[in-house]
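Q: Please take a close look at one part of this model, the small antiparallel sheet and the aromatic contacts that go with it. I would like a connected account that starts from the aromatic residues.

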Amino acid sequence: MQVDFTETELLATHPVEEPLVAGGVRCHGGFDQTGTYVSPRTLHRGPAIRAWQHQHSEQFGTDLLDIPLDTWPEHYPSVAQASWLIASGVPEPVITTLTRIGTVEGFGSMIRHSAIPDLTRSFAEEINGTATAHLGRGLYEAHARDEAGFEHEGGHRQMWFAARDIAFDDPVTEDETETMLARMGIVPAGSSGIPDRDQARRMSAERRVLPDDIDLDLEVLVERMVRLLLIEISAFHTFAWAEEVLADNGLVAGEGEAARLVSYVRADETPHVEYLKTTLSEMRDRTWIGQSGRRYPGTAMIGAIWNRAVAESLGVRREQTLDVTLREVVYALDGHPRRDDLLDEFHARGSVRPGPAGWETVSA
């Protein structure tokens, strides 16, 4: 099987019969002769990922790095909570959530600016013809274009905003969106959301879990991929949540078009999950070489980064997301004559709620 690809090949898209237009914006991807949605930039990227996975299995005989979807808790607010808010005339927290998702998707364009060290010198074993070798040769660029769009085509950012606007009849202006994101702490007021590179590097150095002998850029690269993978996997809960809420014609507008847009995003995310799993598995099963020439087992290097990232994702980052989301619910209910009763009813429909010692899981 072919395992070496050019960047042009990895960015190539299938020809389509009909383009995808969402909210008046020409987006990536489109529909084939049968009306089936076709994800962008998968003409060669899909076969390439399958080839690299097959090659890895042949060479190492190990399973790909993965984590079960049921490891992740359900989306907050739950479908029941979100539907109840909309039915109660308080759709703002759901609108805010969709805005946050679209904005974070747009930040995906930053992946193309990741510093990639000389990976051929980072591992004892050959990496030619692997997903690892193609990170800077099309994989990162394809991921960035999928998330934020490219040139005249919209991407996931625009698709999420279109789903929001279709379902809720254009609920917010651009200025209101910026205010909303600043209130949630997603993008500081007056900021582009792009962190200072030097500051980010200093913070990464302070957070190191690998030996100082390992190139810092390699550790940062791997940590970013691990966190991206965990986000992409957990996002499938988000897709299921959004599709169910936005498919309810009794609650939202659009006759299910918003839910269909989310299903297209979900299809586009599959190659992201697969190439990240493949690359991290390739690195896990190789021998790492430090700057001194010392060798380290990849299982220990990937394991250290993976374990911390999973713990943070299910711990502090999960709590931060819950806090931000609940603040939006409280904000939307501010001044409502039944504020306290509505908030109690909201909590009663979910599986988690704030308690004296932090967030608590409640029985159904």
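A: In this predicted model, F31 and Y37 are both buried. The rings of F31 and Y37 have centres 5.9 Å apart and planes at 65 degrees, so the pair is edge-to-face, an angle over 60 degrees being the requirement. F31 and Y37 also belong to one aromatic cluster, which Y264 completes.

The backbone places these two residues across from each other as well: F31 stands opposite Y37 in strand 3. Strand 2 covers residues 25-31, and strand 3 covers residues 37-38. The two strands run antiparallel and are joined by 2 bridges. Between them lies a hairpin connection of 5 residues, and in this hairpin G35 adopts a positive phi near 85 degrees.

On its other side, strand 2 pairs with strand 1 (residues 18-22), again in the antiparallel sense, over 5 bridges. Two of the facing positions can be named: L20 stands opposite C27, and V21 stands opposite R26. Strand 1 and strand 2 likewise form a hairpin, here with 2 residues between the strands. G23 lies in that turn and has a positive phi of about 60 degrees.

Taken together, the 3 strands make an open sheet in the order 1-2-3, with antiparallel pairing. Strand 1 and strand 3 stand at the edges with a single partner strand each, so one side of each has no neighbour in the sheet. Strand 2 is mostly covered, since 5 of its 7 residues are buried. In general, the strands of a sheet pair through backbone hydrogen bonds, in either a parallel or an antiparallel arrangement.

The aromatic contact in the sheet can be set beside others in the model. A search of the whole structure finds 9 aromatic pairs. One of them joins Y76 and W359: their ring centres are 5.4 Å apart and their planes stand at 75 degrees, so this pair is edge-to-face. Y76 lies in the loop between helix 2 (45-60) and helix 3 (79-87), whereas W359 lies in strand 7 (residues 358-361), so the pair ties together parts that are 283 residues apart in sequence. Y76 counts as buried because its relative accessibility is 5%, under the 20% limit. W359 is buried too, with a relative accessible area of 18%.

Aromatic rings also meet charged side chains in this model. R145 lies over the face of F150, at 3.6 Å from the ring centre. Similarly, the charged end of R164 sits over the ring of F161, 4.7 Å from its centre.

A helical element may be added for comparison with the strands. Helix 12 (residues 316-333) has 18 residues and reaches 26 Å from its first C-alpha to its last, close to the expected 26 Å. Its buried residues are R318, L322, V324, T325, L326, E328, V329 and L333. Helix 12 is followed by G335, a glycine with a positive phi, near 85 degrees.

Conventions: Residues are numbered from 1 along each chain as its sequence is written. This is a predicted model: local features need pLDDT of at least 70, side-chain atom pairs count only at pLDDT 80 or more; totals for chains, interfaces and linings use all residues. Side-chain values use heavy atoms; hydrogens and water are left out. Helices (H or I, at least four residues) and strands (E, at least two) are DSSP runs, numbered from the N terminus. The expected span of a helix is 1.5 Å times one less than its number of residues. Buried means under 20% relative accessible area, exposed over 50%, partly exposed in between (1.4 Å probe, protein chains only). Two strands pair if DSSP finds at least two bridges between them. Rings of Phe, Tyr and Trp (its six-membered ring) pair if their centres lie within 6.5 Å; planes under 30 degrees apart count as stacked, over 60 as edge-to-face and the rest as tilted. A charge sits over a ring if NZ of Lys or CZ of Arg is within 6 Å of the ring centre and within 35 degrees of the ring normal.
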